[in-house]
Structure formats: C-alpha cells, structure tokens
Amino acid sequence: MLVTSLASSSKGNATLIRSARAAVLVDCGLACRTIEPLLGAAGVRPEQVQAIFLTHEHGDHVQGVGALARKHRIPVICTAGTAHALREKHLRDLTPQTICAGDTVQLADLDVTSFAVAHDAAEPLGFVLHSAGVTVGLATDLGSWDDALVGHLRPADLLVIEANHSREQLLASAYPWAVCQRIIGPYGHLDNHEAGALLAAIAADGRPRDVRLAHLSDQANTAAYAVKTVRGVLAEAGVSWLRVRAFPRIASPYPHKLHTWSSDQLLQQSPLF
Ligand SMILES: [Zn+2]
Ligand SMILES: [Zn+2]
C-alpha cells in the first residue's frame, strides 16, 4: 500500500491511499484546483480515485469535496450525520453513500472499515484500511481516546494519528479562550502528549509500527516539536519500537517531494530470518 499526504493541518486535510487495484481519498480539505495537481504529482488521475471517504464535516476536511466529486464523478462515502451537515453547502446535488461506524466498504482489493471518534462534529469517524496483509489506521480530529479506539488501531502497520498542538503553545497563542477550551476538551483535538499516550497504549503489544503525526496546528505546534514530544512520551513509557515522523502540513506538487509511506518499507525493516 501507498499512503500519500496531500495536506495535513488545521487548514486542510487530504490523504491518498492506494492498494494494488484501488485508490481512495480520506478527506478532501483542499480546493479542487489545489488537489488535482497534487494527485497528478502522485501519479493518479482524479478519475482514478474510486471514492472519497469523509471523516466529518469540518471545513478543513471537505473544502473541495463537492467540486472534485462532481467534476470527476467520484463517489462520496460518509455517515448520515456528516452527509446531513454537508447537504446544503458542499454536497447539494450529490448523494453520498452513507455508512455507520463499524461498517466495512470493499473497493477491489481494499477494505475500508470505519470506527467512531470523539469530536465535536455530527457523526465523526476514523478509518482502518486493509489490503494484501497490510493495514493502515487513521485517526485525526479526536479529543480523547479509549480502549475501544486502541483496539481499532492495533492491527495497523502504519498509524496516522493526530498530534494537533502543544498545550503550552496553544494557551499562549492568539486563539480566544473559548476556542482553546474547545480544542483542549474531550471532543476537540489530541495534543502532543495525548497522541504519545495513545501511541504508547497501542504499542503495548510490542509490535514495531510506523507512525505519521498528522493534523498539526498552524499556530500551536511544529513538526519537530510534535515528533520530539511524542518520542519523549514513548521513551518514558519504555516504548522504543515505533518509528515516528510527521506529515508535512501541505504537500509540495513535485513528485520527489511528496511524502509517501510505502508498505515496502515494512519488508525492508523486517529482520531477515
Ligand atoms: Zn474537526
Ligand atoms: Zn480537522
């Protein structure tokens, strides 16, 4: 599998996931005119995208979904709650395929299973994608986590997990107090420490995994600080077997600069017997 981040921040989120015979987007939080060249740089024509899965209705996840889906006839898949929230502005004449948390959608050789997350949206989801023995788990936009979430994500070889903000940087930022409270709250966003604790819980089984920190705040985090903090939390928990990096906030439209995770890396990193 290939996982390419096209955008990952509070200003826009879109992840391209490819198996041998399928290509899907999770979220489409960039303008259509921005996402088309990024797909091209990844070697994918928009019409080759078989579905756009939406995590929830916030603008940083849906900005270009209507235009891209309409122009290239791409099915949109989301919960009824997300569809209802988007019906007037973004989806209008489009009829999304609605799913419930726990449902699995099969597209060629790719299975996409959803799970509920705690976020202040109508009916938000995370996703686990599986193809040919490789599993990718995505959970962004969640204010808290529990054992059920750990269970959903534990099969993943690649974990794309939100490390939204540094609590100290957020409280010192220009955000109004009410916004800070929303972000910090149980239905807001995970901070770097909370992301680290979630990863430590998932990693308690001792299995090595790749991690990409995602949805970094533009005003209250940096990639280097997020990675350093999460690695620190993992070290304190005695977890040394996760390979942690951060997704760039927005991809460069040059092929050699796109941040793509490949499951081939798993083979290269596996010990030889
Ligand atoms: Zn959100
Ligand atoms: Zn978001």
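His-58 is partly exposed, with a relative accessible area of 22%, a value that lies just outside the range called buried because that class requires under 20%. The model is a predicted one, and His-58 is one of the protein donors of the zinc ion (ligand 1), to which it contributes its ND1 atom. His-119, another donor of the zinc ion (ligand 1), counts as buried at 3% relative accessibility.

**The two zinc sites**

| Zinc ion | Protein donors | Donor distances | Donor angles |
|---|---|---|---|
| ligand 1 | His-56 (NE2), His-58 (ND1), His-119 (NE2), Asp-141 (OD) | 2.2 to 2.4 Å | 91 to 170° |
| ligand 2 | Asp-60 (OD), His-61 (NE2), Asp-141 (OD), His-215 (NE2) | 2.1 to 2.3 Å | 89 to 167° |

The site of the zinc ion (ligand 1) is irregular, and its donor residues are spaced H-x1-H-x60-H-x21-D in sequence. Since His-58 lies in the loop between β4 (51-53) and α2, whereas His-119 lies in the loop between β8 (110-116) and β9 (125-131), the pair ties together parts that are 61 residues apart in sequence.

Around the zinc ion (ligand 2), the four donor atoms subtend angles of 89 to 167°, which makes this arrangement irregular, and the donors follow the spacing D-H-x79-D-x73-H along the chain. His-61 lies in helix α2 (residues 59-62) and His-215 in the loop between β12 and α9, so this pair ties together parts that are 154 residues apart in sequence. His-61 is buried, its relative accessible area being 0%, and His-215 is buried with a value of 1%. The two sites are joined through Asp-141, which bridges the zinc ion (ligand 1) and the zinc ion (ligand 2) across a separation of 3.5 Å.

**Nonpolar cores**

In soluble globular proteins, nonpolar side chains tend to be buried together. The largest nonpolar core here has 30 residues, and Leu-199 and Leu-213 are those with the most contacts inside it. At least two residues of this core come from each of α5 (147-153), β11 (158-162), α8 (192-202), β12 (209-214), α9 (223-236) and β13 (242-246), with α8 giving the most, namely five residues. When its neighbours within four places in sequence are left aside, Leu-213 is in contact with residues including Ile-161, Leu-199, Val-227, Val-230, Val-244 and Phe-247. A second core, separate from this one, has 29 residues and includes Leu-25, Val-62, Ala-69 and Leu-86.

Terms used. Residues are numbered from 1 along each chain as its sequence is written. Chains are lettered from A and ligands numbered from 1 in the order in which they are written. This is a predicted model: local features need pLDDT of at least 70, side-chain atom pairs count only at pLDDT 80 or more; totals for chains, interfaces and linings use all residues. Side-chain values use heavy atoms; hydrogens and water are left out. A nonpolar core is a set of buried Ala, Val, Leu, Ile, Met, Phe, Trp, Tyr and Cys residues joined through side-chain atoms within 4.5 Å. Buried means under 20% relative accessible area, exposed over 50%, partly exposed in between (1.4 Å probe, protein chains only). Helices (H or I, at least four residues) and strands (E, at least two) are DSSP runs, numbered from the N terminus. Contact means heavy atoms within 4.5 Å. Donors are N, O and S atoms within 2.8 Å of the metal (3.2 Å for Na, K and Ca); water is not among the atoms, so sites may look incomplete. Four donors count as tetrahedral if all angles lie between 85 and 135 degrees; four count as square planar and six as octahedral if opposite donors are over 155 degrees apart and all others between 65 and 115; anything else is irregular.
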